[in-house]
Amino acid sequence: MNIRAGLVGLGKIARDQHLPAILKTDGIDLIAVASRNAQGEGVNNYPDLGAMLAGEADLDAVILCQPPQARYHAARQALLAGKHVFLEKPPGATVSEVEALIALAKEQNVTLYASWHSRYAAAVAQAKAWIAQRRIERISIQWREDVRHWHPGQPWIWEAGGFGVFDPGINALSILTEIVAEPVTVLSANLEVPSNKDAPIGATLTMATASGAPIDTVFDWRQTGPQTWDIAVDTDNGGLLLSEGGNTLRLDGEVQLKAPDEEYPAMYRRFVDLVADRAIDADTAPLRLVADAFLCGRHCPTAMFED
Ligand code: NAP
């Protein structure tokens, strides 16, 4: 029997990725949407999650696509109702929220899936396998994009708990913590916060692998023109470049793989498998690095920014 799913927060990512990916995935059907402002087509619509849970007694799973500040309360509500839960990234506004959700999902014997879409980019698995055979000497991450293009009309992203430039930056950290087998730690960070915002527009992080390889990282939301989502890894036996958010792989400058983005269908296949086993997949490693950058980072006020 297919998973009967309800989605909460019918915004940009729900429309761009979740709805088409669910349609493509065997084993799951979208039967309901909870939205304060919008209506899903061909599904039952509710104004909020509580009404959806009350109205859909046979719902199996809840997919949470709101901003991170709203995630914890909704996820608790769904888990307490005995539903499997799919969390958009980041899985919470804080690490302790996600740890509490993991404990609750275990108690309820349901699936909790903290999705990290960038880990499903086409070249990530191949990059991980290549790196596993080598000694890492240095990593450089450049994640530069134009916030006005990618995040128009999203006030939450600039508010406390909205992550600012770490909203895209955590995608890079999710790839980093997937392709590097060793623990990664944050040594220092600079967070550039516009004087009229609560969250950073730019950040530089100095991190390191446990065996001491430096990881230099730049996140910047002020990039116009070509956009950059690159991770370069120098090793004792060649260099790797993951670009286009993990969808292109170059080894020693030669393109090895370049594929279109199929991240969300892959995540839904994973979710269907997890639900079959009532399993939990909720890695907090990327979120911990963001939390550590905020903990040890220098806060540097910068110019006002109007988006
Ligand atoms: P969005 O369009 O601004 O917001 C998504 C929906 O969440 C809104 O349409 C609204 O749904 C609900 N919402 C907005 N503010 C809320 C609030 N303060 N409290 C409760 N609900 C609220 O954002 P998005 O771009 O889809 O991003 C949502 C999440 O997906 C974020 O965590 C983001 O990191 C992640 N994500 C986004 C992208 C992307 O390209 N945009 C890519 C990957 C992941 P209703 O009006 O239906 O209630």
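A residue counts as partly exposed when its relative accessible area lies between the limits for buried, under 20%, and exposed, over 50%. Arg222, at 35% relative accessibility, therefore counts as partly exposed. The structure is a predicted model, and the points below take up its salt bridges, helix H4, and the surroundings of Pro90 and Thr177.

**Salt bridges between separate parts of the chain**

- The count of salt bridges comes to 15, and one of these pairs is formed by the side chains of Arg4 and Asp60, which meet at 3.0 Å, N to O.
- This pair links distant parts of the chain, with Arg4 in strand S1 (residues 3-8) and Asp60 in the loop between helix H2 (49-55) and strand S4 (61-64), 56 residues apart; Asp60 itself is partly exposed, with a relative accessible area of 21%.
- Arg222 and Glu192 also meet through their side chains in a salt bridge, at 2.9 Å from N to O.
- Because Arg222 belongs to the loop between strand S10 (214-220) and strand S11 (228-235), while Glu192 belongs to strand S8 (residues 184-194), the pair ties together parts that are 30 residues apart in sequence.
- Glu192, with a relative accessibility of 27%, counts as partly exposed, as does Arg222 at 35%.
- A salt bridge also joins the side chains of Arg270 and Asp281, at 3.0 Å from N to O, and this pair links distant parts of the chain, since Arg270 is in helix H8 (residues 263-277) and Asp281 is in strand S15, eleven residues apart.
- The two partners fall into separate accessibility classes: Arg270 is partly exposed, with a relative accessible area of 34%, whereas Asp281, at 19% relative accessibility, counts as buried because the limit for that class is under 20%.
- Arg119, Lys128, Glu178 and Asp283 are joined into one network by salt bridges that share partners.

**Helix H4 and its packing**

- Helix H4 covers residues 95-108, and its 14 residues should span 20 Å at 1.5 Å a residue, a value that agrees with the 20 Å separating its end C-alpha atoms.
- The buried residues of H4 are Val95, Glu97, Val98, Leu101, Ile102, Leu104 and Ala105.
- These buried residues pack against two helices, H3 (71-80) and H9 (285-296), and against the strands S5 (84-87), S6 (112-114) and S15 (280-281).
- Just after H4, the backbone at Asn109 takes a positive phi of about 55 degrees.

**Pro90 in the loop before H4**

- Pro90 lies in the loop between S5 and H4, and with a relative accessible area of 0% it is buried, because the limit for that class is under 20%.
- Leaving aside residues up to four places away in sequence, Pro90 touches Pro68, Arg71, Trp116, Phe163, Asp167, Ile170 and Leu287.
- Although Pro90 and Phe166 are 76 residues apart in sequence, their C-alpha atoms are 9.7 Å apart in space.

**Thr177 in helix H7**

- Thr177 is found in helix H7, which runs over residues 166-179, and its side chain makes a polar contact of 2.9 Å with the side chain of Arg119.
- Apart from residues up to four places away in sequence, Thr177 touches Arg119, Ala285, Pro286 and Leu289.
- Arg119 is thus a polar partner of Thr177 and also a member of the salt-bridge network that includes Lys128, Glu178 and Asp283.

Conventions
Residues are numbered from 1 along each chain as its sequence is written. This is a predicted model: local features need pLDDT of at least 70, side-chain atom pairs count only at pLDDT 80 or more; totals for chains, interfaces and linings use all residues. Side-chain values use heavy atoms; hydrogens and water are left out. Helices (H or I, at least four residues) and strands (E, at least two) are DSSP runs, numbered from the N terminus. The expected span of a helix is 1.5 Å times one less than its number of residues. Buried means under 20% relative accessible area, exposed over 50%, partly exposed in between (1.4 Å probe, protein chains only). Contact means heavy atoms within 4.5 Å. A polar contact is a pair of N or O atoms within 3.5 Å; within protein, one must be able to donate a hydrogen and the other to accept it, and residues adjacent in sequence count only if both atoms are side-chain atoms. A salt bridge is a side-chain nitrogen of Lys or Arg within 4 Å of a carboxyl oxygen of Asp or Glu.
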